[in-house]
Amino acid sequence: MNRLFGSTAPKAPKATLNSAISNIDTRVSSIDVKLASLNAELQGYQTKLSKMREGPGKTALKQKALKVLQRRKQYEAQRDQLQSQVWNMEQAQTMQDNLKNTMVTIDALQSTNKALKKEYGKVDVDKIERLQDEMADLLDVGNEIQESLARSYDVPEDVDEAELDAELEALGQEVELDRELAGAGMEGALPSFMQDEVPEFIDEAPTTTGQVKEAAG
């Protein structure tokens, strides 16, 4: 069948912006080479014309130089057009790249949003609220336990400050009396507030410090 009707030629791949820009850059480089050659040729003509006198020879050489200058302008115009095309395609390439990046960003956001919805769907807000309430109740119970353990057993809750002041004043008077007795030579005497605490089975009163020294001597 292929011999009778021939085989269809394979389709050429579609040109891309990158390949088109590369092709035009190659053409621009070729034009730059030609322009460099024309500039060198024009410099040679200019050097010769500056040394020649007016006459038919100089006029003929000037005509050649003008033709070369005209060709250079044509090449420069072509180069400018090609560079404008490259600029436009580069702008289009930038827009295309930005669009691709935007689509990638949108896809990533959509995937993240889907994952977040899935994970947040597992969270029971009511359960968290109940847990918080239970924790608050436990803290209250703990505070009550600490207050109960810190309660004092011996100190009465309603203490009369006047009675305390009277007792302190009485103790102060007894201390002053003891000091007076000690100054009168009765250093071994017990304070009045300790006399009632002497056990009943002791027959003799405690000896003074002076009597103990005499017994030791």
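**Warm-up with Glu76**

Work out which exposure class Glu76 falls into from its relative accessibility.

*Solution.* Glu76 has a relative accessibility of 27%. Now apply the cut-offs: buried is under 20% relative accessible area, exposed is over 50%, and partly exposed is in between (1.4 Å probe, protein chains only). Glu76 therefore counts as partly exposed.

Before you go on: you're looking at a predicted model, where local features need pLDDT of at least 70 and side-chain atom pairs count only at pLDDT 80 or more, while totals for chains, interfaces and linings use all residues. Residues are numbered from 1 along each chain as its sequence is written, and side-chain values use heavy atoms, with hydrogens and water left out.

**A pair inside one helix**

Find which residue forms a salt bridge with Glu76, and say where the two lie.

*Solution.* Look for a salt bridge (a side-chain nitrogen of Lys or Arg within 4 Å of a carboxyl oxygen of Asp or Glu). Arg72 is the partner, with 3.7 Å between the closest N and O atoms. Next, place the pair: Arg72 and Glu76 both sit in helix 3, 4 residues apart, which is about one turn of the helix. Helices here are DSSP runs (H or I, at least four residues), numbered from the N terminus. Finally, check Arg72 itself: at 23% relative accessible area, Arg72 is partly exposed.

**A pair between helices**

Explain why the salt bridge of Arg79 and Asp32 ties together separate parts of the sequence.

*Solution.* Start with the contact: the side chains of Arg79 and Asp32 meet at 3.2 Å, N to O. Arg79 belongs to helix 3 (residues 56-120) and Asp32 to helix 2 (residues 17-51), so the bridge links parts 47 residues apart in sequence. Then look at exposure: Arg79 is partly exposed at 23%, and so is Asp32, at 32%.

**How the two helices run**

Decide how helix 2 and helix 3 are oriented: roughly parallel or roughly antiparallel?

*Solution.* The axes of helix 2 and helix 3 come within 8 Å and cross at roughly 160 degrees. Roughly parallel means under 35 degrees, roughly antiparallel over 145, roughly perpendicular 65 to 115, and oblique the rest. Helix 2 and helix 3 are therefore roughly antiparallel to each other.

**Lys122 and the tally**

Compare the exposure classes of Lys122 and Glu119, then give the salt-bridge count for the whole structure.

*Solution.* The side chains of Lys122 and Glu119 form a salt bridge at 3.7 Å, N to O. Lys122 is exposed, at 58%, whereas Glu119 is partly exposed, at 44%. As for the count, searching the whole structure gives 4 salt bridges.

Technical notes
Axes are lines fitted to C-alpha atoms, for helices over the stretch in contact, and angles run from 0 to 180 degrees between N-to-C directions.
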